[in-house]
Amino acid sequence: MAAAWPSRPAAPDTVAARFLGVLWFISATTGPWGAAAGGSEEPLKCEDLKVGQYICKDPKINEATQEPVNCTNYTAYVECFPAPNITCKDYGGNETHFTGNEVGFLKPIPCRNVNGYSYKVAVALSLFLGWLGADRFYLGYPALGLLKFCTVGFCGIGSLIDFILISMQIVGPSDGSSYIIDYYGTRLTRLSITNETFRKTQLYP
């Protein structure tokens with residue numbers, strides 16, 4: 001009766017090949033390929049597209065107010081067009097393959113509340129008739145306007161101060177609205193910090 005030879009250990013190359021095969025099987029069943037095989041991914045919303053994947057039209061400006069025509073509660077909306085060959089859900093919730101000519105979503109943009117007070121008129125009144133209080137009367141401050149009229153603009157000092165404040169848009173209409181300024185002209189934008197402001201971490205050497 002022949003003696004059985006002891007079994008030889010598996011070669012290192014064979015063990016490595018088996019190990020790689022197991023890893024490939026796990027990644028194929030649980031990785032992105034397995035997820036794709038199991039079901040299709042939810043289509044992206046058009047408003048979540050990255051910059052460069054869409055283009056937005058310039059807002060239509062109201063000639064009287066110099067603000068977007070659909071400005072409501074300090075917000076207006078412009079039409080945005082996804083780039084060609086992009087598929088996403090439009091503002092109606094419909095999955096669409098875009099060619100570059102269809103509206104994909106409406107992008108909100110900030111706008112201002114105006115009530116007929118012109119910045120150019122206010123500055124001109126302050127410069128030429130500020131000593132009579134015309135600028136304050138125009139902006140809705142009759143008491144200060146009358147006081148400036150009786151004191152000849154506080155002997156000229158008050159007129160100079162008001163001219164600087166109005167020119168810098170620190171003093172505005174009494175009803176809290178904004179000046180009418182050319183939409184594409186020079187405007188003063190006040191920066192403020194809120195809870196939504198991104199704070200960059202300060203690195204000290």
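The following exercises, each with a worked solution, concern a predicted model of a single protein structure.

**Exercise 1. Overall architecture**

Determine how many helices and strands the chain has, in what pattern they follow one another, and what percentage of its residues is buried.

*Solution.*
Step 1. Count the elements: the secondary structure consists of seven helices and seven strands.
Step 2. Place them in sequence order, which yields the pattern α-α-β-β-β-β-β-β-α-α-α-α-α-β.
Step 3. Consider burial: of the 205 residues in the chain, 26% are buried.
Step 4. Examine the contacts between residues at least 6 apart in sequence; 57% of these join residues at least 24 apart.

**Exercise 2. The nonpolar cores**

Identify the residues of the largest nonpolar core that touch the most other members, and state which strand supplies the largest share of this core.

*Solution.*
Step 1. The largest nonpolar core has 14 residues, and those touching the most other members are Cys46, Leu49, Tyr54, Cys80, Cys88, Phe105 and Ile109.
Step 2. Assign the core to elements: strand 2 and strand 5 (105-110) each supply at least two of its residues. The largest share, three residues, belongs to strand 2.
Step 3. Take Leu49 and set aside its neighbours within four places in sequence; its contacts are then Leu44, Tyr54, Pro82, Ile86 and Cys88.
Step 4. Look for a further core: a second, separate one has nine residues, among them Ala122, Ile166, Val171 and Tyr179.

**Exercise 3. The two faces of helix 3**

Establish which residues of helix 3 are buried, and explain why they line one face of the helix.

*Solution.*
Step 1. Within helix 3 (residues 119-129), the buried residues are Tyr119, Ala122, Val123 and Ser126.
Step 2. View the helix down its axis: the buried residues of helix 3 fall within an arc of 95°, and therefore they line one face of the helix.
Step 3. Turn to the face directed away from the buried side, where the exposed residues Lys120 and Phe128 are found.
Step 4. Identify the cover: the buried residues of helix 3 are covered by elements including strand 6 (114-118), helix 4 (134-139), helix 7 (157-167) and strand 7 (178-180).

**Exercise 4. The largest pocket and Gln169**

Describe the lining of the largest pocket, then characterise Gln169, one of the residues nearest the pocket's centre.

*Solution.*
Step 1. The volume of the largest pocket is about 370 Å³.
Step 2. Its lining comprises 18 residues, and Arg112, Gln169, Ser178, Leu188 and Arg190 lie nearest the centre. Sorted by class, the lining has eight nonpolar, seven polar and three charged residues.
Step 3. Locate Gln169 in the loop between helix 7 and strand 7.
Step 4. Apply the 20% limit for burial: Gln169 has a relative accessible area of 12%, so Gln169 is buried.
Step 5. Leaving out residues up to four places away in sequence, Gln169 touches Tyr119, Tyr179, Ile181, Leu188 and Arg190.

**Exercise 5. The second largest pocket**

State the volume of the second largest pocket and find which strand gives the most to its lining.

*Solution.*
Step 1. The second largest pocket holds about 160 Å³ of space.
Step 2. Its lining residues include Lys57, Asp58, Lys60, Asn70, Tyr77, Glu79 and Leu106.
Step 3. Strand 2 (residues 75-82) gives the most to this lining, namely three residues.
Step 4. By class, six lining residues of the second largest pocket are nonpolar, one is polar and four are charged.

**Exercise 6. Positive phi values and an exposed strand residue**

For Gln66 and Phe154, give phi and the degree of burial; then do the accessibility and contact analysis for Ile55.

*Solution.*
Step 1. Recall the general expectation: most residues other than glycine have a negative phi.
Step 2. Gln66 has a positive phi near 55°. Gln66 lies in the loop between strand 1 (54-56) and strand 2, and counts as buried at 15% relative accessibility.
Step 3. Phe154 also has a positive phi, of about 50°. Phe154 belongs to helix 6 (residues 152-155) and is partly exposed, with a relative accessible area of 35%.
Step 4. Ile55 is placed in strand 1 and counts as exposed at 58% relative accessibility.
Step 5. Not counting residues up to four places away in sequence, Ile55 touches Glu79, Cys80 and Phe81.
Step 6. Between Ile55 and Gly104, 49 residues apart in sequence, the C-alpha to C-alpha distance is 9.9 Å.

Methods
Residues are numbered from 1 along each chain as its sequence is written. This is a predicted model: local features need pLDDT of at least 70, side-chain atom pairs count only at pLDDT 80 or more; totals for chains, interfaces and linings use all residues. Side-chain values use heavy atoms; hydrogens and water are left out. On a 1 Å grid over the protein atoms alone, a cavity is a set of points where a 1.4 Å probe fits but cannot get out, and a pocket is an open set with protein on both sides within 12 Å along at least five of seven lines; lining residues have an atom within 4 Å of a point. Grid points are joined across faces, edges and corners, and a volume is the space filled by probe spheres set on the points. Ala, Val, Leu, Ile, Met, Phe, Trp, Tyr, Cys and Pro count as nonpolar, Asp, Glu, Lys and Arg as charged, and the others, Gly among them, as polar. Helices (H or I, at least four residues) and strands (E, at least two) are DSSP runs, numbered from the N terminus. A nonpolar core is a set of buried Ala, Val, Leu, Ile, Met, Phe, Trp, Tyr and Cys residues joined through side-chain atoms within 4.5 Å. Buried means under 20% relative accessible area, exposed over 50%, partly exposed in between (1.4 Å probe, protein chains only). Contact means heavy atoms within 4.5 Å. The arc is that of the directions from the helix axis to the C-beta atoms.
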